[in-house]
Amino acid sequence: MKVTLQNLTKKFPGRGRKSREEVIAVNDFNLEIPDGKLIGLLGPSGCGKSTALNLLCGLLKPTNGRIFFGDDDVTDLEPEKREVGMVFQNYALYPHLTVMQNILFPLQNLKGADRLSKEEMQKRAFDVARLVQIDGLMDRRPGELSGGQQQRVAIARALVKMPRILLMDEPLSNLDARLRLQTREEIRRIQKETKITTVFVTHDQEEAMSISDEIVVMKDGVIQQAGKPQEVYDDPKNLFVARFLGNPPINLFQGTVKSGRLYLADAPVLDTSGIPDQEVTVGIRPEGFSLSKDGHFVCGLDRVEVMGRDVSVIFRHSASREPAARAIISAESQTDLTSSEVRFDLKPGKVFLFHNETEERIG
Amino acid sequence: MQSETTHKKTGKNGGRILRVLTYMLLAFWGLVVLFPFYWMVLTSIKSYGAYNSEYVPKLYTLSPTLQNYADAFTAVPLARYFANTVFFTAATTALMLAVTVLAAYAFARLNFRGKNFLFVLFLSLMMIPNELVVITNYVTITNLDLRNTFSGLILPSVTSVFYIYLLKENFEQVPDQLYYAAKVDGTSDLKYLIKVMLPLCRPTIVTITILKAIECWNSYVWPRLATDDPQYYLVSNGIQSIRENGFGRENIPAMMAAVVVISLPLIVLFLFFRKMIMAGVSRGGTKG
Amino acid sequence: MEKKSLKGWLYLLPAILFLGFFMVYPLIDVFVYSFEENYNFASQTYSGMGSYNYSYVLRDPYFLQAVRNTFLLVVITVPLSTGLALLISVALSSIRPLKQLFQTVFFLPYVTNTLAVGLVFMILFKRTAYTDGFVNLLLSWFGAGPVDFIDGPYAAKLFVLCLYTIWVVMPFKILILTSALASVNQTYYNAARIDGTSRTRIFFRITLPMISPTLVYLIITGFIGAFKAYSDAVALFGTNLNAAGMNTIVGYVYDMLYGSSGGYPSYASAAAILLFAIVLTITCINLLVSRKHVHYFS
């Protein structure tokens with residue numbers, strides 16, 4: 001099911017005693033979510049991603065704009081009529097019901113012609129339980145399950161009514177690190193098998209990048225950029241997106257463009273064609289450095305962290321915005337890393353230039 | 001956002017009708033609760049003559065009078081009942097606090113032989129209904145010649161095992177480190193209790209004080225057993241004796257004036273400390 | 001004993017003295033009293049030990065009347081007040097405007113003097129030579145009555161007693177239930193809504209199981225409280241409850257101890273112990289039944 005958001009806006013009345021101004025949680029969203037894809041809504045807390053999700057499922061009504069599932073305008077539909085499945089952050093499993101009863105719950109709500117026979121309900125429940133691999137736990141209560149198992153039950157309950165789209169609110173945030181890795185693969189697999197258009201919300205960029213077909217980066221209620229994870233990473237539209245994606249984070253420098261050249265603290269480091277002369281903010285991905293004996297980018301070496309396959313080089317440079325910057329280079333590069341100085345060449349594709357005030361990407 | 005999601009329940013007509021029914025139910029119960037209060041105030045400002053001439057009671061009065069309040073204070077020693085109750089409430093509550101705080105501190109903070117056994121014993125006392133012990137207390141107080149004295153009124157009303165339990169639980173939430181720090185500084189136990197524990201556990205202290213004060217103000221059974229001299233009547237007994245012996249004649253407006261005067265202090269207290277009282281009751285109160 | 005131990009006992013001394021003197025000793029003593037036959041209050045002598053006091057009480061028509069009244073009161077008021085409180089609490093939790101006002105008003109009976117407001121109820125319901133009273137005025141609008149609720153037929157008196165009892169116990173129940181309802185996580189309701197669960201199903205399948213421990217607590221304390229009813233009856237019908245035919249078990253205990261028919265602590269003790277036995281039995285039954293039907297979760 002394709003999902004289309006048109007000029008979607010949600011305003012909340014101001015709550016503060018002093019500032020009675022309204023809060024714009026979601027501001028003029030325009031987005032098309034292709035059928036059968038897994039979409040990650042990504043942003044720092046308070047950016048409006050959860051509000052966007054609640055607009056999608058109908059728990060909130062937008063102030064402006066429309067929502068389409070396929071060609072159906074669902075904007076004014078109540079949540080129960082939208083045929084969405086939702087996995088809540090704390091799973092919202094009913095503690096007094098068994099796993100089986102929890103999964104059956106949505107089916108038992110159906111009335112009239114939609115209502116399935118008892119056998120059919122059971123079959124559907126078992127099918128979906130098998131899909132998420134909890135069919136052995138059907139008689140347990142949620143309190144007797146691990147976090148990961150509860151998560152699966154929640155997914156099963158959301159899927160059992162065969163929703164048109166599946167929504168997940170921070171699905172992994174309640175799991176420990178190891179389980180998180182495992183579960184995100186699991187979500188990916190389930191989504192691939194069911195081919196249900198899925199939107200999930202997260203503040204963890206790594207999580208979003210690793211399993212999404214597309215990510216949507218948000219800030220202050222505004223979509224900053226949407227696209228395939230790698231494309232967004234390689235081609236950020238502005239400084240916020242560049243900084244939000246990538247771990248370790250991008251290194252920032254203060255630079256100058258002068259007659260087709262980028263200077264960092266008076267040293268020419270890169271050719272830049274077609275950019276007018278100006279002061280710029282320079283972002284360089286940690287993997288955008290390569291060691292070179294006669295590189296133009298000369299830095300003071302701080303220390304080296306060996307991480308096996310890669311080596312992290314921590315260095316200082318007078319143009320750097322932070323006290324230290326980090327380069328990640330392959331462990332095989334044979335260079336003396338014991339001296340107090342280190343020289344780099346920059347990989348053009350990993351260097352982004354941003355306007356100093358607007359923070360928009362200019363090159 | 002949460003509140004908004006709860007509110008836009010299935011809209012349109014069904015929702016609106018339900019909303020109207022909801023408010024009607026609440027308004028109805030509000031009326032049931034408030035009407036007796038209205039009636040008591042209304043009757044208390046009707047004149048004796050006017051009240052008795054109303055064969056069909058009127059829901060309002062056009063000639064309010066305060067004469068009944070004057071009668072209530074002059075014809076019966078209402079002021080005395082009042083003063084007795086204030087003294088009884090203050091003394092009982094203060095004694096209860098002292099006893100409770102010391103005991104709770106001992107259970108929560110001090111170590112001594114037999115502590116756990118004693119605590120279990122205390123807990124089991126919580127299940128003993130007052131009706132069982134009141135009989136012997138009555139005999140004891142009579143034998144000690146304490147009937148119609150404040151000691152006889154107050155002493156048996158002091159103990160509240162439940163409050164000891166409540167306060168002990170609260171005391172135990174104060175981190176041990178504070179105690180050790182105080183010990184290192186050479187603070188005595190009593191000083192630590194007064195300077196550190198009490199301020200930290202103020203909400204619970206306030207809660208049990210208020211609950212005990214309400215209980216004292218409204219207590220009826222024990223004061224009735226322990227006193228038969230109007231000199232020592234509390235308001236509850238006073239109101240009952242007004243009811244039985246009246247003002248020489250059956251003077252209902254004056255009786256209602258007395259009822260208003262008696263009810264007012266707690267209602268005012270409640271309106272001032274509404275949040276605190278309601279939180280306190282939901283934590284540890286029962287009506288009984 | 002070492003010094004530290006001494007300090008602990010010292011802090012506990014006041015509590016131990018008070019509890020020992022006014023609770024533990026009386027508790028033992030009440031059993032002793034209940035078996036001392038022909039105890040004379042004035043001379044404090046008795047003729048021997050035996051179960052005569054119990055058999056006397058159990059044959060006393062006033063006691064049987066009191067038991068009947070108390071049981072009727074319990075059976076009528078506990079389910080009604082709990083159900084009504086649940087209804088009102090659900091209504092309260094579903095609204096926002098005026099919520100605080102309603103909560104405040106509903107709590108008022110808790111902080112009023114039972115005796116004092118009981119008088120108001122008496123006046124509202126009483127029929128005298130001078131006036132039929134307010135409630136009879138209401139009844140006359142519907143073409144019914146007049147009925148004397150205070151000195152009239154038994155059913156009418158029981159009705160007022162139940163009504164006043166419910167009025168008195170409602171604030172506590174509403175308060176406890178409202179906070180129980182508020183503590184149910186909102187996400188459960190959101191999840192249920194997305195799954196298209198009907199209101200009634202949400203109430204019976206989610207809300208009710210979630211607050212069932214609170215309900216059980218209220219029912220048990222409600223039973224215990226109603227069995228100990230006394231001051232409400234005194235407020236409505238005066239201290240001579242036997243004459244009014246509206247005595248309760250607790251009232252019987254006090255009447256035996258004190259008042260016009262008083263001076264028999266042995267009979268009072270026997271009656272009090274019988275009451276305790278009844279309450280204990282009912283509470284145990286309550287606990288056993290609820291165990292099967294209540295969901296407790298950590």
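Leaving aside its neighbours within four places in sequence, A:Glu360 is in contact with A:Asn238, A:Phe354 and A:His355, where two residues are in contact if their C-beta atoms, placed from the backbone, lie within 7 Å. A:Glu360 sits in the segment after β20 (351-355) of chain A; helices (H or I, at least four residues) and strands (E, at least two) are DSSP runs, numbered from the N terminus. With 10 C-beta neighbours inside 10 Å, A:Glu360 counts as exposed. The definition behind this word is that a residue is buried if 20 or more other C-beta atoms lie within 10 Å of its own, exposed if 12 or fewer, and partly exposed in between, with C-beta atoms placed from the backbone. A:Met218 is 142 residues away from A:Glu360 along the chain, and the C-alpha atoms of the two are separated by 15 Å.

This is a predicted model, in which local features need pLDDT of at least 70 and side-chain atom pairs count only at pLDDT 80 or more, while totals for chains, interfaces and linings use all residues. Residues are numbered from 1 along each chain as its sequence is written, and chains are lettered from A and ligands numbered from 1 in the order in which they are written.

**Chain A as a whole**

Chain A holds eight helices and 20 strands, and its C-alpha atoms fill a box of roughly 75 × 45 × 40 Å, taken along the principal axes. Of its 363 residues, 40% count as buried. Among the contacts in chain A with a separation of 6 or more, 66% are accounted for by residues 24 or more positions apart.

Two chains have a division into domains, with bounds that come from an automatic or database domain assignment.

| Chain | Domain 1 | Domain 2 | Separation of C-alpha centres |
|---|---|---|---|
| Chain A | residues 3-236 | residues 251-355 | 40 Å |
| Chain B | residues 2-68 | residues 76-245 | 37 Å |

**Local backbone features of chain A**

Most residues other than glycine have a negative phi, and most peptide bonds are trans. Against that background, the peptide bond from A:Asn247 to A:Pro248 is cis, with omega near 0 degrees, and A:Pro248 is found in the loop between α8 (239-244) and β11 (251-258) of chain A.

Phi of A:Asp28, which is not a glycine, has a positive value near 50 degrees. A:Asp28 belongs to strand β2 (residues 23-33) of chain A and is partly exposed, with 15 other C-beta atoms within 10 Å. A:Glu83 likewise is not a glycine and has a positive phi of about 55 degrees, but its place is in the loop between β5 (72-73) and β6 (84-87) of chain A. With 18 C-beta neighbours inside 10 Å, A:Glu83 counts as partly exposed.

In strand β6(A), both faces are covered, since A:Val84 and A:Met86 on one side and A:Gly85 and A:Val87 on the other are all buried. Four bridges join β6(A) to strand β7 (residues 165-169) of chain A, and the two run parallel; two strands pair if DSSP finds at least two bridges between them. In β7(A), A:Ile165 is the bridge partner of A:Val84.

**Where the chains meet**

Between chain B and chain C, 77 residues of chain B are in contact with 79 residues of chain C. Helix α2 (residues 12-44) of chain B gives the most to the side of chain B that touches chain C, with 12 residues. That side divides into 47 nonpolar, 21 polar and nine charged residues, where Ala, Val, Leu, Ile, Met, Phe, Trp, Tyr, Cys and Pro count as nonpolar, Asp, Glu, Lys and Arg as charged, and the others, Gly among them, as polar.

The axes of helix α14 (residues 235-245) of chain B and helix α5 (residues 114-125) of chain C come within 8 Å and cross at roughly 30 degrees. Axes are lines fitted to C-alpha atoms, for helices over the stretch in contact, and angles run from 0 to 180 degrees between N-to-C directions. The helices α14(B) and α5(C) are therefore roughly parallel to each other, a term for angles under 35 degrees. Their contact is made by B:Ser236, B:Ile239, B:Gln240 and B:Arg243 of α14(B) and by C:Leu115, C:Ala116 and C:Leu119 of α5(C).

Chain C also touches chain A, with 16 residues of chain C in contact with 17 residues of chain A. On the chain C side, α8(C) gives the most, with six residues.

Terms used:
Parallel < 35°, antiparallel > 145°, perpendicular 65-115°, else oblique.
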